[in-house]
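Biologist: Could you take me closely through the enclosed space inside this protein, and then set it in the context of the strands and the open pocket around it? I would like one connected account rather than a list.

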Amino acid sequence: MSSLTIVRKIKARPSVVFEAVSTPEGLRQWIGPDDGPVLVAEADPRTGGRFLVRFQMLDGTEHEAGGEYVEVTPPSRLVMTWQWRNEPETSRVEISLREIAEGTELTFTHAQLPSEGSADSHRKGWNGSLDKLVRAVDGKPA
């Protein structure tokens with residue numbers, strides 16, 4: 001099993017970032033590694049609640065993943081299972097938000113990935129998505 005961790009500093013309060021990572025409206029702004037559209041964003045952010053996202057890449061390919069919220073602690077922590085449609089493996093995504101002088105330090109961990117190759121592929125995808133998240137909420141007032 002492999003994992004990856006990405007840290008971003010965002011010029012917005014943790015409550016603003018938490019909303020962006022836990023609501024359908026927020027997810028529509030940043031899911032997907034490039035500027036292709038988010039086709040579906042569903043979220044029920046409570047322990048045992050489910051989420052579903054489907055996005056289209058600029059090359060036209062579509063990707064869909066869903067899972068269950070394992071831990072929801074606004075505005076500091078979100079943990080969920082992650083499973084791509086038509087793939088048997090389930091992994092785990094953890095998002096921790098910590099208030100800092102500049103706004104929020106986001107620590108994103110994707111664990112229980114099946115291989116180092118999978119971790120590398122996910123790292124590229126998540127970096128693109130998190131870049132979009134920063135652009136969407138950076139400097140946004142609470």
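Modeller: The largest cavity holds about 100 Å³ of space, and the model in which it appears is a predicted one. When the whole structure is searched, one cavity of 30 Å³ or more is found. Its lining is made by 13 residues, and those that lie nearest the centre of the largest cavity are Leu27, Trp30, Ile31, Met80 and Trp82. By class, the lining of the largest cavity comprises 13 nonpolar residues, with no polar and no charged ones. Three strands, β3 (50-56), β5 (77-84) and β6 (91-100), each contribute at least two residues to that lining.

Since β3 and β5 recur in what follows, the pairing of the strands deserves some care. Strand β2, which covers residues 38-43, is joined to β3 by five bridges, and the two run antiparallel; in this pairing Val40 is placed opposite Arg54 of β3. The two strands form a hairpin with six residues between them, and in the turn Gly48 has a positive phi of about 90°. On to the next pair: β3 and β4 are also antiparallel, here over seven bridges, with Phe51 standing opposite Gly67 in β4. They too form a hairpin, with five residues between the strands, and Gly60 in its turn has a positive phi of about 95°. Finally, β4 and β5 pair in the antiparallel sense over six bridges, Ala65 stands opposite Trp84 in β5, and three residues lie between the two strands of this hairpin. As general background to such pairings, side chains in a regular strand alternate between the two faces of the sheet.

Trp84 leads on to the open space, for it is among the residues nearest the centre of the largest pocket, together with Pro33, Phe55, His63 and Gly125. About 340 Å³ of space lies in the largest pocket, and 17 residues line it. β4 (62-73), β5 and α3 (116-137) each supply at least two residues of this lining, and α3 gives the most, with five residues. Whereas the lining of the largest cavity has no polar and no charged residues, that of the largest pocket divides into seven nonpolar, six polar and four charged. Strand β5 supplies at least two residues to the lining of the largest cavity, and β5 likewise supplies at least two to the lining of the largest pocket.

Two further parts complete the picture. Helix α1, residues 14-22, is mostly covered, with seven of its nine residues buried; these are Pro14, Val16, Val17, Phe18, Ala20, Val21 and Ser22. Arg8 lies in strand β1, which spans residues 2-10, and it counts as buried because its relative accessible area of 16% falls under the 20% cut-off. The side chain of Arg8 makes a polar contact of 2.7 Å with the side chain of Asp131. Beyond its neighbours within four places in sequence, Arg8 is in contact with Thr104, Glu105, Leu106, Asn127, Leu130, Asp131 and Val134.

Conventions
Residues are numbered from 1 along each chain as its sequence is written. This is a predicted model: local features need pLDDT of at least 70, side-chain atom pairs count only at pLDDT 80 or more; totals for chains, interfaces and linings use all residues. Side-chain values use heavy atoms; hydrogens and water are left out. Helices (H or I, at least four residues) and strands (E, at least two) are DSSP runs, numbered from the N terminus. Buried means under 20% relative accessible area, exposed over 50%, partly exposed in between (1.4 Å probe, protein chains only). A polar contact is a pair of N or O atoms within 3.5 Å; within protein, one must be able to donate a hydrogen and the other to accept it, and residues adjacent in sequence count only if both atoms are side-chain atoms. Contact means heavy atoms within 4.5 Å. On a 1 Å grid over the protein atoms alone, a cavity is a set of points where a 1.4 Å probe fits but cannot get out, and a pocket is an open set with protein on both sides within 12 Å along at least five of seven lines; lining residues have an atom within 4 Å of a point. Grid points are joined across faces, edges and corners, and a volume is the space filled by probe spheres set on the points. Ala, Val, Leu, Ile, Met, Phe, Trp, Tyr, Cys and Pro count as nonpolar, Asp, Glu, Lys and Arg as charged, and the others, Gly among them, as polar. Two strands pair if DSSP finds at least two bridges between them.
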